[in-house]
Amino acid sequence: MEPNVPVGKAFDQFFTNGKWKSFENNGYRYVEFNGECTWYNAPADFTIQFQLDTSNKNFSIYYVEINGSSLNDFDSLGVVSKVLEDYNPKKK
């Protein structure tokens, strides 16, 4: 993963029509992002959920899906890595 990249800004830059929300479930806090992208040369709907650790302000990837199909951990990390690597702080 890319250190020192603002995750929220990177996701907002990479995806179109992005929307963020947060919620609690079973005592855990989550942040969810939904957006649109191109996946295998076709339009796709993307969802990712981050589980927050409020004790140390860290988070982990909890769930990722594209077009309603969940991704395994390896593919999830690949997508997130691509989003963070493509972030350009000079681009608006």
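In the predicted model, the contact between helix 1 and helix 2 is formed by Val7, Ala10, Phe11 and Phe14 on the side of helix 1, which meet Val80, Lys82, Val83 and Leu84 of helix 2. By residue class, this contact comprises seven nonpolar residues and one charged residue, with no polar residue taking part. Helix 1 spans residues 7–14 and helix 2 spans residues 73–85, and the two pack with their axes 8 Å apart at an angle of about 90°. Because angles of 65 to 115 degrees count as roughly perpendicular, helix 1 is classed as roughly perpendicular to helix 2.

The aromatic side chains form 13 pairs in the structure. One of these joins Phe23 and Tyr30 in a stacked arrangement, for which the centres are 5.3 Å apart and the planes enclose an angle of 20°. The two partners are unequally accessible to solvent, in that Phe23 is partly exposed at a relative accessible area of 24%, whereas Tyr30, at 5%, is buried.

An edge-to-face geometry is found for the pair of Phe50 and Phe59, with a centre-to-centre distance of 5.1 Å and an angle of 85° between the planes. Of these two residues, Phe50 is buried, with a relative accessibility of 5%, while Phe59 reaches 44% and is therefore assigned to the partly exposed class. Both Phe50 and Phe59 also belong to a cluster connected through ring pairs, whose further members are Phe11, Phe14, Phe15, Trp20, Phe33 and Phe46. Among these members, Phe11 and Phe14 are also residues through which helix 1 meets helix 2.

Conventions
Residues numbered from 1 in each chain as written. Predicted model: local features only at pLDDT ≥ 70, side-chain atom pairs only at ≥ 80, totals over all residues. Heavy atoms only, no water. Axes fitted to C-alpha atoms, helices over the stretch in contact; angles between N-to-C directions. Helix = DSSP H or I, 4+ residues; strand = E, 2+ residues; numbered from the N terminus. Parallel < 35°, antiparallel > 145°, perpendicular 65-115°, else oblique. Contact = heavy atoms within 4.5 Å. Nonpolar A, V, L, I, M, F, W, Y, C, P; charged D, E, K, R; others polar. Phe/Tyr/Trp six-rings, centres within 6.5 Å; stacked < 30°, edge-to-face > 60°. Buried < 20%, exposed > 50% of the residue type's maximum accessible area, 1.4 Å probe, protein only.
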